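Thanks for coming. I will go through one structure this morning, piece by piece, and you can follow along on the screen.

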Amino acid sequence: MSVTIDITGLPLERVCVVPSPLAELGMALHALSEPGHHPELRGWATAVSSRLDPCLADRLCEADFLWRTTFSDVFAPFAGLPGGRATPGATLAEELDQLDKLTDEQFVNAALEFTCQLRYDVREPGPLDDPELRRRSLELAAARGAVQERFTRRLLTDPPAVRAWFRQLMLDCDDAFFADTWARVQPQLAADARHKTELLRRKGLGEALASLSGAVSLDEEAGLVTVDKLLVGRTATGDGGLVLVPTSLGWPHVMVLHRYGWQPSIAYPASVPRPQAPSVEQLTRRLEALAHPVRMRLCRHLARAPHTTSELADAHGMSAPEISRHLTVLKKAGLVTDCRRGRYVQHQLDLSTVARLGSDFIEGVLR
């Protein structure tokens, strides 16, 4: 599973690496709402939450579906502007001005996409134009609680009023906590953007994309950028560009904007040395390998000490070929290593890889 971006004919000068204050504010709100996704930010989130004005906190609860479970495209308005070549503004005010330039249909569809299950990468009528889709959106919003139902009803009834409310909410967040946070992280993001831009100029798009995350790769012959994620999606740059947005608060998320008719963009964690996470395919293979009861019992032996195939066969009352088949599955998953001692080959569980499975799983599903 992956999201692909067709970049056929895309010149390098239309690939831009640009920090986004509004995107970073969205990441900040997400980290405040879901601190479990971002254990490294727990101290920051606790400090901000403890001094947040109660009225502002209540207002944030009204619209937290825009950032709690995922990341709404309302935080990337540059991508929805005509022409497909806009970039994020240098300030939060500039990006909120970009948000004001989106149509009501664009804003409503982006806001309700996740919670009301609107189609993402195909062109379809939205709830402002389709009465049946409007009814369904309200029904799905009601299933998520009275607060979201009220917000959705307000949004569908009077989009301009809700858009003005949302703009003021973002400005109030800036006054309350985000201005200080942005002043702290902006130099790091600017430095990362300069580094990636220089890498793009000197070594090409493939090297630049690979530096974003191990989940991002380029097939130059096919003209395809692939982002390894637990979902399937596709888009194309066409006559537009590709925008890469570094974030200091977003790890482990790698966000791919592939909304129909919008400019593609990738939001990636700014450069911080981290262990290389396995691909979704590798992670699936490891979990499947451990799901078999025989292989779990083999792991119990191999975690304690190295064993030969014959020793394992004797211990488990199985034939050597049966044991070999199970060991092959564990080896292909990268969970078992071999060590030759004279004429014997001993197998041992890779404890460091197994120990990382929990964090690898979390990163894989959150990516």
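Start at Gly 9, which sits in the loop between S1 and S2. Is Gly 9 buried or exposed? Its relative accessibility is 68%, and over 50% is the cut-off, so Gly 9 counts as exposed. Along the chain, Gly 9 and Thr 237 are 228 residues apart. In space, their C-alpha atoms are separated by 8.9 Å. Keep in mind that this is a predicted model, so every value I quote is computed from it.

Now the chain as a whole. The protein chain has 15 helices and ten strands. Its C-alpha atoms fill a box of roughly 75 × 50 × 45 Å along the principal axes. Of the 367 residues, 49% are buried. Take the contacts in the chain with a separation of 6 or more: 69% of them are between residues 24 or more positions apart.

The loop with Gly 9 lies between S1 and S2, and each of those strands leads us to a sheet. Let me take the one with S1.

Which strands form this sheet, and in what order? The order is S3-S4-S1-S5, four strands in an open sheet with mixed pairing. The edges are strand S3, residues 216–219, and strand S5, residues 233–236. Each has a single partner strand, so one side of each is left without a neighbour in the sheet. On average, neighbouring strands here are turned by 20 degrees against each other, ignoring direction.

As a reminder, strands of a sheet pair through backbone hydrogen bonds, either parallel or antiparallel. Strand S1, residues 2–6, and strand S4, residues 224–228, run antiparallel and are joined by five bridges. Within that pair, Ile 5 has Val 225 of S4 as its bridge partner. S4 also pairs with S3, again in the antiparallel sense, over four bridges. There, Leu 218 stands opposite Val 225. Val 225 therefore turns up in both pairings, with Ile 5 in one and Leu 218 in the other.

S3 and S4 form a hairpin with four residues between the strands. In that hairpin, Gly 223 takes a positive phi near 65 degrees. Helix H9, residues 205–212, lies across S3 and S4 and runs at about 160 degrees to S3.

Next, the sheet with S2. Four strands form it in the order S2-S6-S8-S7; the sheet is open and the pairing is mixed. Strand S2, residues 15–17, and strand S7, residues 255–257, are the edge strands, and each pairs on one side only. Neighbouring strands in this sheet are turned by 15 degrees against each other on average, direction ignored.

In the interior of that order, strand S6, residues 242–247, pairs with strand S8, residues 265–269. In which sense do they pair? S6 and S8 are parallel, with five bridges. Pro 246 stands opposite Tyr 268 in S8. Helix H8, residues 159–203, lies across S2, S6 and S8, at about 150 degrees to S2.

H8 brings us to the helix contacts. H7 and H8 pack at an angle of about 120 degrees, and their axes are 5 Å apart. That angle makes H7 oblique to H8. On the H7 side, the contact is made by Phe 151, Arg 154, Leu 155, Leu 156 and Thr 157; on the H8 side, by Pro 159, Val 162 and Trp 165. By class, these residues divide into six nonpolar, one polar and one charged.

H7, residues 146–157, also meets helix H5, residues 104–112. Their axes come within 10 Å and cross at roughly 165 degrees. The two helices are therefore roughly antiparallel to each other, and H5 passes H7 in a left-handed crossing. H5 contributes Phe 107, Val 108, Ala 111 and Leu 112, while H7 contributes Thr 152, Leu 155 and Leu 156. This contact has six nonpolar residues, one polar and no charged ones. Leu 155 and Leu 156 of H7 are listed in the contact with H5 and in the contact with H8.

One last pair of strands. Strand S9, residues 336–341, and strand S10, residues 344–349, are antiparallel and paired over six bridges. Thr 337 stands opposite Gln 348 in S10. This hairpin has two residues between its strands, and Gly 342 takes a positive phi near 65 degrees.

That is what I have.

Terms used. Residues are numbered from 1 along each chain as its sequence is written. This is a predicted model: local features need pLDDT of at least 70, side-chain atom pairs count only at pLDDT 80 or more; totals for chains, interfaces and linings use all residues. Side-chain values use heavy atoms; hydrogens and water are left out. Axes are lines fitted to C-alpha atoms, for helices over the stretch in contact, and angles run from 0 to 180 degrees between N-to-C directions. Angles under 35 degrees count as roughly parallel, over 145 as roughly antiparallel, 65 to 115 as roughly perpendicular and the rest as oblique. A crossing is left-handed if the near helix is turned anticlockwise from the far one by less than a right angle, and right-handed if clockwise. Contact means heavy atoms within 4.5 Å. Ala, Val, Leu, Ile, Met, Phe, Trp, Tyr, Cys and Pro count as nonpolar, Asp, Glu, Lys and Arg as charged, and the others, Gly among them, as polar. Two strands pair if DSSP finds at least two bridges between them. Buried means under 20% relative accessible area, exposed over 50%, partly exposed in between (1.4 Å probe, protein chains only).
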